[in-house]
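Trainee: I have a new structure to look at, and I would like to learn how to read it step by step. Could you walk through it with me?

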Amino acid sequence: MRIDIISAVPELLRSPLEHSIMKRARDRGLLEVHIHDLRDFGFGKHRQIDDYQYGGGAGMVMMIEPILTCIEKLTADRTYDEIVYMAPDGRLLDQQTANQYSLKENIILLCGHYKGIDERLREHTITDEISIGSYVLSGGELPALVMVDAIGRIIPGVLNDETSALFDSFQDGVIAPPVYTRPSEFRGWKVPDVLLSGHDAKIQAWREEQSRLRTKQYLEKGKSIPLDLDLD
Ligand code: SAH
């Protein structure tokens, strides 16, 4: 899978993509991430990419042309499944959305800044808008990284134990059971006996029960788990 990220502050994007699981995904050739500095498409010696908003008011708006030039340069070379604008009012990123995106081949993630992008881009060029929550951040870079991570870790072959992402929370509509590691007792805090029993069937049954309980508690908080996964 290939992800192109367009950003006015590309420095913000680098480190998280160069470590841990995202690094592994890239090293294994399973995920290609290309970062594009919007200022390379800006105007004049200041490489301007923003301007005052029509109608007045505080805050700059990102201009159409630098963004569109960058997007058109990319779309001239390959077909993109989606051109995504990271937007506080977009549809909320959830596991289902990440699963669906992990099946795509090429996507562009556009990070806004300042007051956001000229609305005409949203009307004519953007094909999907994704939010990471109902709050406003100063730029789309962190949301884009959240999305790349959520997508990248579920691409087959990225996680070492290939099946482990399947048992994480939200996959299959349930919350994952609790996990423990050594020591088996710490300051009197004990690991549940069943996990030390070596009895696989009992352990499995306990995990399923814990998962059910956690899911119930989660749903009781008024939260929901998207379920209609269709990955065929
Ligand atoms: N004026 C806009 C906010 C702009 S914030 C408004 O009131 O809706 C600047 C940029 O940060 C946005 O263009 C967007 O790309 C990004 N951003 C901020 N919060 C976000 C969120 N919750 N999810 C995704 N992107 C977000």
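Trainee: Which domains does the domain assignment give for the chain?

Mentor: Happy to help, and please keep in mind that this is a predicted model. The C-alpha centres of the two parts in the assignment lie 38 Å apart. The assignment names them as domain 1 (2-152) and domain 2 (169-220).

Trainee: How many helices and strands are in the chain?

Mentor: Let us begin with the overall frame: the C-alpha atoms fill a box of roughly 70 × 40 × 40 Å along the principal axes. Of the 232 residues of the chain, 41% count as buried. As for the elements, the chain has eight helices and nine strands.

Trainee: Are the rings of Phe170 and Tyr218 stacked or edge-to-face?

Mentor: Good one! A pair of aromatic rings is described by the distance of the centres and the angle of the planes. A search of the whole structure finds two aromatic pairs. For Phe170 and Tyr218, the ring centres are 5.7 Å apart and the planes are at 65 degrees. Planes over 60 degrees apart count as edge-to-face, so this pair is edge-to-face.

Trainee: How many residues apart in sequence are the parts that this pair ties together?

Mentor: Find each partner on the chain. Phe170 is in the loop between helix H6 (141-152) and strand E8 (185-186), while Tyr218 is in helix H8 (residues 200-220). The pair therefore ties together parts whose separation in sequence is 48 residues.

Trainee: Does Tyr218 count as buried or exposed?

Mentor: Compare the values with the cut-off: buried means under 20% relative accessible area. Its partner Phe170 has 27% relative accessibility, so Phe170 counts as partly exposed. Tyr218 has a relative accessible area of 18%, so Tyr218 is buried.

Trainee: Which residue has its charged end over the ring of Tyr101?

Mentor: Here a ring meets a charge. The distance from the charged end to the centre of the Tyr101 ring is 5.3 Å. The residue that brings this charge is Lys104.

Trainee: Now for the ligand: which element gives the largest share of the shell around it?

Mentor: There are 20 residues around the ligand, and Tyr85, Met86, Gly112, Tyr135 and Leu137 come nearest. Strand E5 (82-92) and strand E7 (128-131) are the elements that give two or more residues to the shell. The largest share, four residues, comes from E5.

Trainee: How much of the ligand's accessible area does the protein cover?

Mentor: Start with the polar atoms. An N or O atom in the side chain of Tyr85 is 2.5 Å from an oxygen atom of the ligand. Backbone N or O atoms also lie by ligand oxygen atoms, at 2.9 Å for Gly112 and at 3.5 Å for Gly139. On its own the ligand has 560 Å² of accessible area, and the protein covers 84%.

Trainee: With which side chains does the side chain of Arg2 make polar contacts?

Mentor: Arg2 lies in strand E1 (residues 2-7), and at 13% relative accessibility Arg2 counts as buried. One polar contact is 2.8 Å, to the side chain of Asp4. Another is 3.4 Å, to the side chain of His34. The names to remember are Asp4 and His34.

Trainee: What is the distance between the C-alpha atoms of Asp4 and Pro143?

Mentor: Asp4 is also found in strand E1, and it is buried, with a relative accessible area of 0%. Asp4 and Pro143 are 139 residues apart along the chain. The separation of their C-alpha atoms is 14 Å.

Notes
Residues are numbered from 1 along each chain as its sequence is written. This is a predicted model: local features need pLDDT of at least 70, side-chain atom pairs count only at pLDDT 80 or more; totals for chains, interfaces and linings use all residues. Side-chain values use heavy atoms; hydrogens and water are left out. Domain bounds come from an automatic or database domain assignment. Rings of Phe, Tyr and Trp (its six-membered ring) pair if their centres lie within 6.5 Å; planes under 30 degrees apart count as stacked, over 60 as edge-to-face and the rest as tilted. Buried means under 20% relative accessible area, exposed over 50%, partly exposed in between (1.4 Å probe, protein chains only). A charge sits over a ring if NZ of Lys or CZ of Arg is within 6 Å of the ring centre and within 35 degrees of the ring normal. A residue is near a molecule or strand if one of its heavy atoms lies within 4 Å of it. A polar contact is a pair of N or O atoms within 3.5 Å; within protein, one must be able to donate a hydrogen and the other to accept it, and residues adjacent in sequence count only if both atoms are side-chain atoms. Accessible areas come from the Shrake-Rupley method with a 1.4 Å probe; for residues, only the protein chains shown count as cover.
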